[in-house]
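Let's take a walk through this one together, helix by helix. Have the chain open and turn it as you read.

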Amino acid sequence: MCNLRDCRFAFALLCLLTPARIEGQEIIQFVSSGGRLVYSNLGSLPAELESVGPTEPTKARASSASVASPEIDALIEQIAEQHGVDADLVKAVVKVESNYNVRAVSRKGAHGLMQLLPQTARRFGVTNIFDARQNVEGGVKFLRFLMGLFPGNLQHILAAYNAGENAVLKYRGVPPYPETQAYVKKIAALYGKNTPFLTASNRGDADGGIVRYSDSSGRIVYSNVGPTF
């Protein structure tokens, strides 16, 4: 048994850790029973919102060069078009992430052209993280997902790609991490466009973005579907 002082310390530590653990839950994408594309940290919508309907609106050659090979360039353009993301944005991410090195591995364990962490790769269906096609498709799917979470906000999308969407939600903007802040500026400058980075088919998925609220059972919910919508 712990003494009173130790027990108080343990209880205080638990109180501090519990909210962080809740807020750190992974946000996933799914379609509600009403046919609406939903982003939420829960596996389903709260019961009171479940019926909400939809809103209106070849393996490339390995390269370690500092410029894209024709095969990699074509691969990026093909996959970006398929998922409704501006190819120039994907190229800017690849340039900063790996400098077009298919075999790149970071100190944090990110791999390949788009520097996917193993958990991110699994999340977006990548089975061979060093396969250029799979790696680019996984990274583009992640970008596409983040565009639904943070519609129209390039800084938040890039920050979430670097630090994770939960960090952006926690700080309600670009996290105060020097690496992430430099990363966002570098890619935004390289991309250098004022034109939309979402195609017409890529808009309207998340309405006004993600909100935080408590549902009727008291659970903390992060979702694009909630009381404010």
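A good place to drop in is the end of α8, where the helix is followed by glycine 192, whose phi is positive, near 60°. Before going further, some housekeeping: this is a predicted model, in which local features need pLDDT of at least 70 and side-chain atom pairs count only at pLDDT 80 or more, while totals for chains, interfaces and linings use all residues. Residues are numbered from 1 along each chain as its sequence is written, and side-chain values use heavy atoms, with hydrogens and water left out.

Helices here are DSSP runs of H or I with at least four residues, strands are runs of E with at least two, and both are numbered from the N terminus. On that basis the protein chain has 8 helices and 4 strands, and reading along the sequence gives the pattern α-β-β-α-α-α-α-α-α-α-β-β. Of its 229 residues, 44% count as buried; buried means under 20% relative accessible area, exposed means over 50%, and partly exposed is in between, using a 1.4 Å probe and protein chains only.

Back to α8. The expected span of a helix is 1.5 Å times one less than its number of residues. For the 14 residues of α8 that comes to 20 Å, and the end C-alpha atoms are indeed 20 Å apart. Which residues of α8 are buried? They are Thr180, Tyr183, Val184, Ile187 and Tyr191. Looking down the axis of α8, you'll find these buried residues within an arc of 100°, so they line one face of the helix; the arc is that of the directions from the helix axis to the C-beta atoms. The general background is simple: an α-helix has 3.6 residues a turn, so residues three or four places apart point the same way. Flip α8 over and the face turned away from its buried side carries the exposed residues Pro178, Lys185, Lys186 and Ala189. The buried residues of α8 pack against α3 and α6, where contact means heavy atoms within 4.5 Å.

Now follow that packing into α3. This helix has 12 residues and reaches 16 Å from its first C-alpha to its last, close to the 16 Å expected at 1.5 Å a residue. Its buried residues are Ala87, Leu89, Val90, Lys91, Ala92, Val93, Val94 and Ser98. What covers them includes α2, α5, α6 and α8.

One of those neighbours, α2, covers residues 70-82, and its 13 residues should span 18 Å, which agrees with the 18 Å between its end C-alpha atoms. Ile72, Leu75, Ile76, Ile79 and Ala80 are buried in α2, and they cover an arc of only 120° around the axis, which puts them on the same side of the helix. Pro70, Glu81 and Gln82 are exposed on the other side of α2. The buried residues of α2 pack against α3 and α5. After α2 comes glycine 84, with a positive phi near 75°.

Over in α5 (residues 132-149), look for glycine 138. Glycine 138 is buried, with a relative accessible area of 1%. Not counting residues up to four places away in sequence, glycine 138 touches Leu116, Phe124 and Val126.

The loop between α3 and α4 deserves a stop too. Most residues other than glycine have a negative phi. Asparagine 99, in this loop, has a positive phi of about 55° although it is not a glycine. Tyrosine 100 lies in the loop between α3 and α4 as well, and its phi is also positive, near 70°. Are these residues buried or exposed? Asparagine 99 is partly exposed, with a relative accessible area of 31%, whereas tyrosine 100 counts as buried at 10%.

Finally, the largest pocket. A pocket is an open set of points on a 1 Å grid over the protein atoms alone, where a 1.4 Å probe fits, with protein on both sides within 12 Å along at least five of seven lines; lining residues have an atom within 4 Å of a point. About 750 Å³ of space lies in the largest pocket, the volume being the space filled by probe spheres set on the points, which are joined across faces, edges and corners. The elements giving two or more residues to its lining are α3 (87-98), α4 (118-123), α6 (154-163), α7 (165-171) and α8 (178-191). Of the 27 lining residues, Leu117, Tyr161, Asn162, Ala163 and Glu179 lie nearest the pocket's centre.
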